[in-house]
Amino acid sequence: MVRPRKLFAQHWLKSDKVLDAIVKAADCSTNDRILEIGPGTGILTRRLLPLVQSLLAVEIDRDLCKLLVKQLGSKDNFILLQGDFLTLDLATNLTAFTNFQNQNKVVANIPYNITGPIIEKLLGTIANPNPTPFESIVLLIQKEVAERLYAKAGSKTFGALSVRVQYLAECELVCHVPASAFYPPPKVDSAVVRLRPRQIETPANDPKKLENLLKLGFGAKRKMLRNNLQSVIDRDRLSQLLEQLNINPQARAEDISTQQWVELANLLTVDS
Ligand code: SAH
């Protein structure tokens, strides 16, 4: 057993049941080119390798990389990059390896301390969506974050992150994962989620405006939207627009669906 390091948020998954659920959710085929972030000791990697065309793993910990190379280095369909996933430019590093380019799926049990930035790198942002989106992204993450990703408008967990991610991808819960499924158990419970990036049905006319609106709208939690947005729109005009969109004028930010946020931003763009 390799000793887990706190610095890199290392918790080794040890549950076969959870590994089965992750692999099933990824629905792998021999055409798939997988990206795995943070393979750790390679428990998930070993499961995936026989099922897929190729797998690129990115691991920050040099000692783990040495171990992975020793154990899996002879597999033709495996490549490992050592470095920080957030700053590494995958394309540049892989120019000489044509078999390991253009991954179409992500499957990973990621370090929880950088979940937000990882999701942003995979999906892009409202203003800058990833131009070559993945077919699917299966991630094991902290339960509280997972809940925000698949939350529906009107629920307590629906927030700016929900809108930002749901604008770019469909999000669903695959399964809950107790802390006891890891060594050492993290302080929080976990969940497996699947994101499927998709064409944006109603694109924002001015994505920066939508981002800004979300920031303001969700800035002061549990306040009515017409108060939170006072700085960008007159309260009476906002009431009118909300009525036009069939939204209760007393609504709070968390009551408004992703689609409605886009529609509201688009109406405001026409206004200004
Ligand atoms: N997937 C493994 C390990 C999960 S722990 C398992 O299921 O058991 C998270 C892993 O991410 C660790 O191996 C850690 O070293 C790695 N990691 C942490 N920060 C990283 C970063 N910025 N880039 C790449 N890997 C990182």
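A polar contact here is a pair of N or O atoms within 3.5 Å, and within protein one of the two must be able to donate a hydrogen and the other to accept it. With that in hand, Arg-194 makes a good place to start in this predicted model. The side chain of Arg-194 makes such a contact with the side chain of Glu-172, at 2.7 Å. The Arg-194 side chain also reaches the backbone oxygen of Ala-25, again at 2.7 Å. Arg-194 belongs to strand 9, which runs over residues 190–197. Its relative accessible area is 15%, so Arg-194 counts as buried, the cut-off being under 20%.

Now for the ligand. It sits in the largest pocket, with 21 residues around it. Gln-10, Gly-38, Glu-59, Asp-84 and Asn-109 are the closest of these. Sorted by type, the shell has twelve nonpolar residues, six polar ones and three charged ones. Two strands pitch in with at least two shell residues each: strand 1 (12–13) and strand 3 (54–59).

Several polar atoms of the protein come up against the ligand. On the oxygen side, a polar side-chain atom of Gln-10 lies 2.8 Å from a ligand oxygen atom. On the nitrogen side, an N or O atom in the Asp-84 side chain is 2.8 Å from a nitrogen atom of the ligand. Phe-85 takes part through its backbone, where an N or O atom lies 3.0 Å from a ligand nitrogen atom. As for how much of the ligand is covered, the protein hides 97% of the 570 Å² of accessible area that the ligand has on its own.

Definitions and conventions:
Residues are numbered from 1 along each chain as its sequence is written. This is a predicted model: local features need pLDDT of at least 70, side-chain atom pairs count only at pLDDT 80 or more; totals for chains, interfaces and linings use all residues. Side-chain values use heavy atoms; hydrogens and water are left out. A residue is near a molecule or strand if one of its heavy atoms lies within 4 Å of it. Accessible areas come from the Shrake-Rupley method with a 1.4 Å probe; for residues, only the protein chains shown count as cover. On a 1 Å grid over the protein atoms alone, a cavity is a set of points where a 1.4 Å probe fits but cannot get out, and a pocket is an open set with protein on both sides within 12 Å along at least five of seven lines; lining residues have an atom within 4 Å of a point. A molecule sits in a cavity or pocket if more than half of its atoms lie within 2 Å of its grid points. Helices (H or I, at least four residues) and strands (E, at least two) are DSSP runs, numbered from the N terminus. Ala, Val, Leu, Ile, Met, Phe, Trp, Tyr, Cys and Pro count as nonpolar, Asp, Glu, Lys and Arg as charged, and the others, Gly among them, as polar. Buried means under 20% relative accessible area, exposed over 50%, partly exposed in between (1.4 Å probe, protein chains only).
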